[in-house]
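Trainee: I have a structure open and would like to learn how to read it. Could you walk me through it?

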Amino acid sequence: MSLRYIPMSDAEARRMREGGLDAYGNAPERQVSDGGGVPCRHCLDYVEAGAPYLVFALRPFASLQPYAETGPVFMHAEACPAHDGDALPPILNSRADYLLRGYGADERIVYGTGDVVVREEVESRATELLARSDVASVHVRSTRNNCYQCRIELA
């Protein structure tokens, strides 16, 4: 089983860069990275020190329902290529722990799938969850700030 790491879409990234409103109806905020760990949700790499980035609320779900969590994320203010999906993205290669949680095809949490794992266990835990017939995707969040990082699906 191979995994695919899904960033926010090109269309959504472009919309936010063009001043579109976020999940709460606000324009993205523009800031400058200090290089201290600003993870871009489009290229799934870090925003370099001195580079501008956007902060906005993202709801990484197609449907509006009780499990469609929304939260703050960062993204390069200037165009960056979307993560290619096949390799473990740089933003998941830190010393941090991650919260992995399985979602069904209906975008609702599959109870009992939430687990905190160290970086070295992200791929094995995601593979284990995606082997279940009731799990269509896995969301990855940081354990420190609970921020959404990316979605994982089977390739």
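Trainee: Let's start with strand pairing. Which residue in strand 4 does Leu-58 stand opposite?

Mentor: Leu-58 faces Gly-71 there. Keep in mind that this is a predicted model. Strand 3, residues 52-58, runs antiparallel to strand 4, and 6 bridges join them.

Trainee: And what is the order of the strands in that open sheet?

Mentor: Read across, the order is 2-3-4, and the pairing of these 3 strands is antiparallel. Strand 2 (29-32) and strand 4 (71-76) are the edge strands, since each pairs on one side only. From one strand to the next, the twist averages 35 degrees.

Trainee: Next, backbone angles. What sign of phi should I expect?

Mentor: Most residues other than glycine have a negative phi. Here, Glu-107 goes the other way: its phi is positive, about 65 degrees, although it is not a glycine. Glu-107 sits in the loop between strand 5 and strand 6. Asn-146, also not a glycine, has a positive phi of about 65 degrees.

Trainee: Where is Asn-146, and why does it count as partly exposed?

Mentor: Look in the loop between strand 7 (137-142) and strand 8 (148-154). Asn-146 counts as partly exposed because its relative accessibility is 39%, and that label covers values between 20% and 50%.

Trainee: What about Gly-112: buried or exposed?

Mentor: Exposed, because its relative accessibility is 66% and the cut-off is over 50%. You'll find Gly-112 in the loop between strand 5 (97-103) and strand 6 (115-118). Its C-alpha atom is 8.5 Å from that of Arg-101, a residue 11 positions away along the chain.

Trainee: Now pockets. How do I get a feel for empty space?

Mentor: Rolling a probe the size of a water molecule over the atoms shows where empty space is left. In this model, the largest pocket holds about 350 Å³. It is lined by 16 residues, and the closest to its centre are Gly-37, Tyr-46, Ser-94, Ala-96 and Arg-144. By class, that lining has 7 nonpolar, 6 polar and 3 charged residues.

Trainee: What is the volume of the second largest pocket, and which residues are closest to its centre?

Mentor: The volume is about 240 Å³. Of its 16 lining residues, Met-8, Glu-12, Leu-58, Arg-59 and Pro-60 are the closest to the centre. So Leu-58, which we met opposite Gly-71, turns up again in this lining. Helix 1 (10-17), strand 3 and strand 8 each supply at least two lining residues. The classes here are 10 nonpolar, 1 polar and 5 charged.

Note on methods. Residues numbered from 1 in each chain as written. Predicted model: local features only at pLDDT ≥ 70, side-chain atom pairs only at ≥ 80, totals over all residues. Heavy atoms only, no water. Helix = DSSP H or I, 4+ residues; strand = E, 2+ residues; numbered from the N terminus. Buried < 20%, exposed > 50% of the residue type's maximum accessible area, 1.4 Å probe, protein only. Pairing = 2+ DSSP bridges. Axes fitted to C-alpha atoms, helices over the stretch in contact; angles between N-to-C directions. 1 Å grid on protein atoms, 1.4 Å probe; cavity = no way out; pocket = protein on both sides within 12 Å on 5 of 7 lines; lining within 4 Å. Points joined across faces, edges and corners; volume = space filled by probe spheres on them. Nonpolar A, V, L, I, M, F, W, Y, C, P; charged D, E, K, R; others polar.
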